[in-house]
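Ready for a few exercises on a structure you haven't met before? Have a look, then try each task before you read its solution.

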Amino acid sequence: MEAKEIIFMSKGEGENSFAQNSSFTQRVAELSKPALERTVQSLITEDFRTNKVLNVVDLGCSSSPTSFSVMSTVIQNVKNKCQELNFQIPEFQFYLNDLPGNDFNTLFKGLPKLSERFTDVSCFFTGVPGSFHGRLFPSNSLHLVHSSYGVHWLSKMPRLRDEAGLPLNKGKIYISTTSPAAVKEAYLTHFKEDLSLFLKSRSQEMVRNGRVFFVIPGRPSADQFPIRESLYPWEPLAQSISSLVSEGVIEEEKLDAFDIPYYTPSQQEVRETVEKEGSFTMELLDKFVIEIGDENTWENVEKLSKNIRAFTESMISHHFGEEILDKLYDKFTQLSIQDSATSEQPYKIISFIIVLRRN
């Protein structure tokens, strides 16, 4: 099944919505902001002097405040650089992209506040529903492509079956310590194909020397998989589903037929894929770390669990049914509390910042 049919953040502005449980992505935006500022300012060169419009797209914008933080950063840094060089400040065209199931209504409600903050510039906003694993925009039209925690999502659920049709990853929903090598290879192959298609599509849409800026979860090296960090939240979520299987709430076959369309790459895997595709020059490949339990990100484990639910609920409910959601995430919260109490070291989520320049 294509992931675009079932992946979207929890809608609305209620207790379990992504809009109310996006502290992690907001923290990611905060930590990656200095790199984004430098990238935006690098666009404003002598060649840009005559440009009247800056076209910017946020791919996988979702419905949280994160997209507004990104747009604010872009506007402010373009203004600063243009004033420094005595250039006319361009108009801004922002394209807000996500899959068709995204809650664009909640997202659009925040646009007036952004416009009120920057009354001295002209800003235009367009919603663009569709998958970024393919073309979305006209040729040679984009100056800056931004994506935060979107590019690691795969275009399809991986099919993990042997020649006899039996599940390769029995009892799991992602790569785990017990997964055979074929599972990891299937995920890696799919990731490389999707990233190559993503880059090829963007290269056709971007102007020469345009920039792609994206942030994704990662792992330390190609030969360290799986590691504890890359298993979260999928290992405890699989354990929670298995618990419901043992209680007879979920059929075992349902669990074995469910695999997360998501991949946590190494820096080497990202670099190799970018170089092989060939449309972009890598200007930056950096990383930062957020610890599970970071008070700047989550107030407590319960808040963390709500964050996990906000971006996994659509996939879980589609495959297992809405009626198991509360019980499942209660178990997930309990496991997370137990783990935080017994682990000597907290989980550390590694994030990569990648900046590419269109050749």
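A residue is called buried when its relative accessible area is under 20%, exposed when it is over 50%, and partly exposed in between (1.4 Å probe, protein chains only). Before we start, this is a predicted model: local features need pLDDT of at least 70, side-chain atom pairs count only at pLDDT 80 or more, and totals for chains, interfaces and linings use all residues. Residues are numbered from 1 along each chain as its sequence is written, and side-chain values use heavy atoms, with hydrogens and water left out.

**Exercise 1. Find Ser62, and decide whether it is buried or exposed.**

Step 1: Place it. Ser62 sits in the loop between S1 and H2. These labels come from DSSP runs numbered from the N terminus: helices (H or I) have at least four residues, strands (E) at least two.

Step 2: Check the accessibility. The relative accessible area of Ser62 is 7%, so Ser62 is buried.

Step 3: Look at the backbone. Ser62 has a phi near 55°, which is a positive value in a residue other than glycine.

**Exercise 2. Now do the same for Asn209: which class of accessibility does it fall into?**

Step 1: Asn209 belongs to strand S5 (residues 206–218).

Step 2: Its relative accessibility is 27%, so Asn209 counts as partly exposed.

Step 3: The phi of Asn209 is near 70°, again positive in a residue other than glycine.

**Exercise 3. Work out which strands pair with S2, and in which sense.**

Step 1: Recall the rule. Two strands pair if DSSP finds at least two bridges between them.

Step 2: Start with S1 (residues 53–59). It runs parallel to S2, and 7 bridges join the two. Val53 has Glu91 in S2 as its bridge partner, while Leu59 stands opposite Asn97.

Step 3: Follow the chain between them. From S1 it goes through helix H2 (residues 66–85) to S2, a β-α-β crossover that is right-handed. Right-handed here means that, with the strands pointing away from the viewer, the path from the first strand over the helix to the second runs clockwise.

Step 4: Turn to S3 (residues 123–129). This strand pairs with S2 in the parallel sense, over 7 bridges, and Tyr95 stands opposite Thr126 in S3.

Step 5: Ask how covered S2 is. Of the 8 residues of S2 (residues 91–98), 7 are buried, so the strand is largely enclosed by the rest of the structure.

**Exercise 4. Which other strand does S1 pair with, and over how many bridges?**

Step 1: The partner is S4 (residues 142–148), joined to S1 in the parallel sense over 3 bridges.

Step 2: For a pair to look for, Val56 stands opposite Leu144 in S4.

Step 3: S1 is mostly covered too, with 6 of its 7 residues buried.

**Exercise 5. Compare Glu46 and Phe48: which is buried and which is exposed?**

Step 1: Find them. Glu46 lies in the loop between H1 and S1, and Phe48 is found in that loop as well.

Step 2: Glu46 has a relative accessible area of 52%, so it is exposed. Phe48 comes out at 7%, so it counts as buried.

Step 3: See what they face across the sequence. Glu46 and Leu85 are 39 residues apart in sequence, with 8.8 Å between their C-alpha atoms. Phe48 and Pro90 are 42 residues apart in sequence, and C-alpha to C-alpha they are 9.6 Å apart.

Step 4: Check for a side-chain link. Glu46 and Arg49 are joined through their side chains by a polar contact of 2.7 Å. Such a contact is a pair of N or O atoms within 3.5 Å; within protein, one must be able to donate a hydrogen and the other to accept it, and residues adjacent in sequence count only if both atoms are side-chain atoms.

**Exercise 6. Which residue does the side chain of Thr25 make a polar contact with?**

Step 1: Thr25 is in helix H1 (residues 23–43).

Step 2: At a relative accessible area of 13%, Thr25 is buried.

Step 3: The contact joins the side chain of Thr25 to that of Thr66, at 3.2 Å.
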